[in-house]
Amino acid sequence: MSGIVNWIATTFAGWDHELLIFIISLFPILELRGGMIAAALLGVPYLKALIICVIGNILPIPFILLLIEKIFDFLRRFKTTGRFVNFLETKTMKKRDKIDKWGFWGLVLFTGIPLPGTGGWTGALLASLLRIPVKKSAPAIGLGICLAAAIMSFITYGIPWIVSLF
């Protein structure tokens, strides 16, 4: 992932750094994790980076939770996009065991532990496909994003960010 983020950071070097990390945080796969890496590479101050990346990661979640099934139903009407939707659903549903076993906390951990194939987008997609009510899934995904923010803060900015808070 850092290779992708590094490529984006160098390719769009002339862009406003805050806008760039916000856009990275919006995208699936990269999300907050990629935004925080890019922010550290670009020298964006920690607190500013954290706020921008969290907002960028959270912004798409309500749309996914509320609209993804309707979007998928529409895309299934077409051969190419229908196959992609089926592939995406199958791949996502393979990760349901954590949610089935641990419920709310499984969704928090699935969203929050920054590993490939996890994150807010996938957590929201999985919650939607499992028909977990928004009242339960949104707080779990929000907590998961906060967990990911804490982990990525430590990974990208290290111990000094903790000391700077005091």
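Visitor: Why are α3 and α4 called roughly antiparallel to each other?

Guide: In this predicted model, the axes of helix α3 (residues 31-42) and helix α4 (residues 46-58) cross at roughly 155°. Angles over 145 degrees count as roughly antiparallel, so α3 and α4 are given that name. Their axes come within 9 Å, and α3 passes α4 in a right-handed crossing.

Visitor: Which residues make the contact?

Guide: From α3 come Glu31, Leu32, Gly35, Met36 and Ala39. From α4 come Tyr46, Ala49, Leu50, Cys53, Val54 and Asn57. Eight of the residues in the contact of α3 with α4 are nonpolar, two are polar and one is charged.

Visitor: How do you know whether Thr92 is buried or exposed?

Guide: The relative accessible area of Thr92 is 4%. Buried means under 20%, so Thr92 is buried. Thr92 lies in helix α6 (residues 79-93). Leaving aside neighbours within four places in sequence, Thr92 is in contact with Thr122, Leu125, Leu126 and Leu129. In the protein, buried residues make up 42% of the 166 residues.

Visitor: How many helices and strands does the protein have?

Guide: The protein has ten helices and zero strands.

Visitor: What makes the protein as compact as a globular protein of that length?

Guide: The radius of gyration is 16 Å, and the globule rule gives 15 Å for 166 residues. The two values are close, so the protein is as compact as a globular protein of that length. The C-alpha atoms fill a box of roughly 45 × 35 × 20 Å along the principal axes. Among contacts between residues at least 6 apart in sequence, 69% join residues at least 24 apart.

Conventions. Residues are numbered from 1 along each chain as its sequence is written. This is a predicted model: local features need pLDDT of at least 70, side-chain atom pairs count only at pLDDT 80 or more; totals for chains, interfaces and linings use all residues. Side-chain values use heavy atoms; hydrogens and water are left out. Axes are lines fitted to C-alpha atoms, for helices over the stretch in contact, and angles run from 0 to 180 degrees between N-to-C directions. Helices (H or I, at least four residues) and strands (E, at least two) are DSSP runs, numbered from the N terminus. Angles under 35 degrees count as roughly parallel, over 145 as roughly antiparallel, 65 to 115 as roughly perpendicular and the rest as oblique. A crossing is left-handed if the near helix is turned anticlockwise from the far one by less than a right angle, and right-handed if clockwise. Contact means heavy atoms within 4.5 Å. Ala, Val, Leu, Ile, Met, Phe, Trp, Tyr, Cys and Pro count as nonpolar, Asp, Glu, Lys and Arg as charged, and the others, Gly among them, as polar. Buried means under 20% relative accessible area, exposed over 50%, partly exposed in between (1.4 Å probe, protein chains only). The radius of gyration is taken over C-alpha atoms; the globule rule is 2.2 Å times the number of residues to the power 0.38.
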